[in-house]
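Here is a short tour of one protein chain. Keep the sequence and the 3D view open as you read.

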Amino acid sequence: MRGIFYVSRNVFRAIVAAIVLTSVPLFARGAHAAQDLASYISKVSPADFFPEADRFGPPQGDPPVVPAYRGDRLQGFVYLNSDFVNATGYSGKPIRLLVGIDPEGVLTAFKLVEHREPIVLVGIPEKRILEAVNKLTGVDMRDVTRGVAPAPQVDIISGATVTLLVIGDSIVRSAMKLIRSGRLGLQSNATAIAAPQALKAIDPSKSEIRDWQSLVADGSVRQLFLTVADINRAFESSGNAAAVAHPEQGEPDDTFIDLYVADVAVPTIGRSLLGDEGYNRLAGRLKPGQQALVVVGASRYSFKGAAYVRGGIFDRIELIQETNSVRFRDRDHTRLGSLAAEGAPKSPEIALFTVPPEMPLDPTQPWILQLLVQRVVGARDKALVKFDLGYTLPDVYLKRQAQPAQAAPAKTPASMIVEQREVGTPPDASDEEPLWMRIWRANVVKIAIVAAALGALTLIFFFQNFLVCRPTMFTWVRRGYLLFILVWLGWYANAQLSVVNVLTFVNSLLTDFNWEYFLSAPLIFILWASIAAGLLFWGRGPFCGWLCPFGALQELLNNVAQAFKVPQYRVPWGLHERLWPIKYILFLGLFGMSLYSTAFAEQLAEVEPFKTSIVLKFAREWPFVVYALTLLAAGLFVERFFCRYICPLGAALAIPGRIRMFEWLRRWRECGSPCQRCANECPVQAIHLDGHINVNECIYCMHCQELYFDDHRCPHMIQVRLKREKRQALSPPSIGAGGNVPAPDISADGKRVGASPAVIPPAT
């Protein structure tokens, strides 16, 4: 056994090593391509960008641009968007486009040359992405750079929001940066030379505790307040007729969103909003010069987005400073339960974002938190408008030092500016608890319910013999528990575990592991802790058979199907043995991909229908809904079809589940030879023909244990019962007080049913 373990471990290491080694060349190729504009230019024609151009010139400048000529006459320039601005997409890798711009600053054409966006690789056709981007063709970027015209926007396709926003923004900002550099022969007003000024820096000696009202009053905390009327007017101004036809419902003065933002890397602001302990922890995590923001939102519109899940990206907010921009990812985010400042509002959404290193945010210069408001206008189409929440750090936090004259920083033009209002709120006490503890305190009722449910499941497992001896009671206990897991834990609390959690945990071990990241989701943390403990006792069964909301949904639907006499298909054993390894292959593929790109692996993890059916309750794009419904439909005929053959999370739990220390499932010597009843009746076919229970496939439904104790269905117990009855029938009768000899009452089938006055037993 030990030899098998070492062989398996060595094989697993070899697989991981092979995956890593095959990933290294991909990283190298990606890095090389990002720096070599010529390699992309060699694959396109000058006429692709300028109809009359017939040749490219040599690259010029840094970042490089390539001139395009017709003969000796300059037609325009072609450049790589990612050389000028941040163009990181949903995958975590740059989306690279060649952009054509003429000498007058007009955008002429675009070529998508490299990307790793999963939605484009496996979902939406690349042609449709380019059709949306081509809306920017013909835009005069001179007016945009001067602030005379609003920044143009691409059309949004449902399911590819982040990808298209990154592409559109990178084109606009890279063109603005190129124009401001004067390399096109164009000078915008933004590049005028400013008078000598003082160099600004944050003054570390300014560190005090202030209340919320004073922070809002002097601009330390900035606010964006939008009403329903503001939103409807914005969509009317956009000229999108489909969006105008779907107005926001409610009274015009109803609050649409009340949004606040503050830079908590500044000592006074950070200590006031996070408390001394929270600020000190944050300061210990930040790298030199790195900033962190607190974003607070309230009312009907969520700045996180209804479709946000752990491991994802926040597509409704974007941080912008001049031509640099970034969208926050889950790894940058910490959920806060409350703010420490006296008078801070109670809000359902309080988020702490650390600004990622790829965004060199200068806190002494103005920046913008841009809010994207989306409106569904079709089955796959969305309209959008953007609102800018500008932030400038008050001078009270800065110190100045004489500095030679330099160019004044150019402000990013706003597509829509909304007046900021200063509002104070009632006081509240400061809290010095760690942030994750605040979250746990805010969810104490949910935590108590989950703890009670786990305690009940533990009692079910420890006293399983008492229950399985009473099949009717056990059946209703199990169905009731599964219904609770589906409705409350899944649909209400959204505590559906996923293979994404496993990939995120492994990735954090390889990078910057932090317990607070996992503690910030208390229900998920408690479930994983209990499952880890359960692996030692019962393997993967507690989760797969009892705690998985999607598994519960499958089983309950199959119970309904059986009640309506839907025929059940039993997969032939030979085929079954070849199908169940699929889930292990899927898990190893996801695990290997996560070593290369966690974001891409998380997108491939959509093979799990958990997000669609449990987290979003089927309120999603139709391909995802059809996929989930197809799996559920298959489960009507083959019980727990997805669990058996596809679930990568089940495979991930089965691997460590082999270390379980106890054997709770009882077996008779006759099991498998000759008796096959348990194997034939196992709902997931986890019992081999030799009677052996495959713990990798067992979901611990305990059906085999019901049979084990049933003396009318289990052949072994039937023989025990018949022998017992025969002994009782042949045992000497006892004489009663009245002299009558009681004898067993034998029914027509020979069973003893009671006692009566003397009865002559039948002849043999």
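## An open sheet and two helices

Start with the sheet of five strands. It is open, its order is β8-β9-β10-β14-β13, and the pairing is antiparallel. Strands β8 (222–227) and β13 (333–335) are the edges, and each of them pairs on one side only. From one strand to the next, the twist averages 20 degrees.

Look at one edge in detail. Three bridges join β13 to strand β14 (residues 349–354), in the antiparallel sense. R335 has A351 of β14 as its bridge partner.

Two helices pack on this sheet. Helix α9 (residues 228–238) touches β8 and β9 (255–263). The direction of α9 makes about 80 degrees with that of β8. Helix α11 (residues 267–285) touches β9, β10, β13 and β14. The direction of α11 makes about 40 degrees with that of β14.

In general, strands of a sheet pair through backbone hydrogen bonds, in a parallel or an antiparallel way.

## The whole chain

This is a predicted model. The protein chain has 764 residues, and 50% of them are buried. Its secondary structure comes to 30 helices and 19 strands. Take the contacts between residues at least 6 apart in sequence: 71% of these join residues at least 24 apart.

How far can the model be trusted? The pLDDT of the chain averages 78, and 78% of the residues score at least 70. Confidence is lowest in helix α1 (residues 2–35), with a mean of 40. It is highest in α20, at 93. Over residues 188–197 the pLDDT is below 50, and this stretch has 17 contacts in the model beyond near neighbours in sequence. Residues 404–432 also stay under 50 in pLDDT. For residues 404–432 the model has 76 contacts beyond four places in sequence. Where pLDDT is low, predicted coordinates should not be read in detail.

## A buried strand

Now turn to strand β4 (residues 96–101). Is it buried or exposed? Six of its six residues are buried, so the strand is largely enclosed by the rest of the structure. Both faces are covered. R96, L98 and G100 are buried on one side. L97, V99 and I101 are buried on the other.

Strand β4 has partners in β3 and β5. With strand β3 (residues 73–80) it pairs in the antiparallel sense over four bridges. Y79 has V99 of β4 as its bridge partner. With strand β5 (residues 107–114) it shares six bridges, and these two strands also run antiparallel. L97 has L112 of β5 as its bridge partner.

β4 and β5 form a hairpin with five residues between the strands. In that hairpin, G105 takes a positive phi near 85 degrees.

## A helix with two faces

Helix α13 (residues 444–462) has 19 residues. How long should it be? At 1.5 Å a residue the expected span is 27 Å, and the end C-alpha atoms are 27 Å apart, which agrees.

Which residues of α13 are buried? They are I447, V450, A453, L454, L457, I460 and F461. Seen down the axis of α13, the buried residues fall within an arc of 145 degrees, so they line one face of the helix. An α-helix has 3.6 residues a turn, so residues three or four places apart point the same way. The face turned away from the buried side of α13 carries the exposed residues V444, V445, A452 and L459.

## Unusual backbone spots

Most residues other than glycine have a negative phi, and most peptide bonds are trans. Two residues in this chain with a positive phi are set out below.

| Residue | Phi | Loop | Relative accessibility |
|---|---|---|---|
| S299 | near 85 degrees | between β10 (292–298) and β11 (317–321) | 41% |
| K565 | about 65 degrees | between α20 (549–563) and α21 (573–579) | 72% |

Neither S299 nor K565 is a glycine. At 41% relative accessibility, S299 counts as partly exposed. At 72%, K565 counts as exposed.

Which peptide bond is cis? The bond from D62 to P63 is, with omega near 0 degrees. P63 is found in the loop between β1 (55–56) and β2 (65–70).

Definitions and conventions: Residues are numbered from 1 along each chain as its sequence is written. This is a predicted model: local features need pLDDT of at least 70, side-chain atom pairs count only at pLDDT 80 or more; totals for chains, interfaces and linings use all residues. Side-chain values use heavy atoms; hydrogens and water are left out. Buried means under 20% relative accessible area, exposed over 50%, partly exposed in between (1.4 Å probe, protein chains only). Two strands pair if DSSP finds at least two bridges between them. The expected span of a helix is 1.5 Å times one less than its number of residues. The arc is that of the directions from the helix axis to the C-beta atoms. pLDDT is the predictor's confidence in each residue, from 0 to 100. Contact means heavy atoms within 4.5 Å. Axes are lines fitted to C-alpha atoms, for helices over the stretch in contact, and angles run from 0 to 180 degrees between N-to-C directions.
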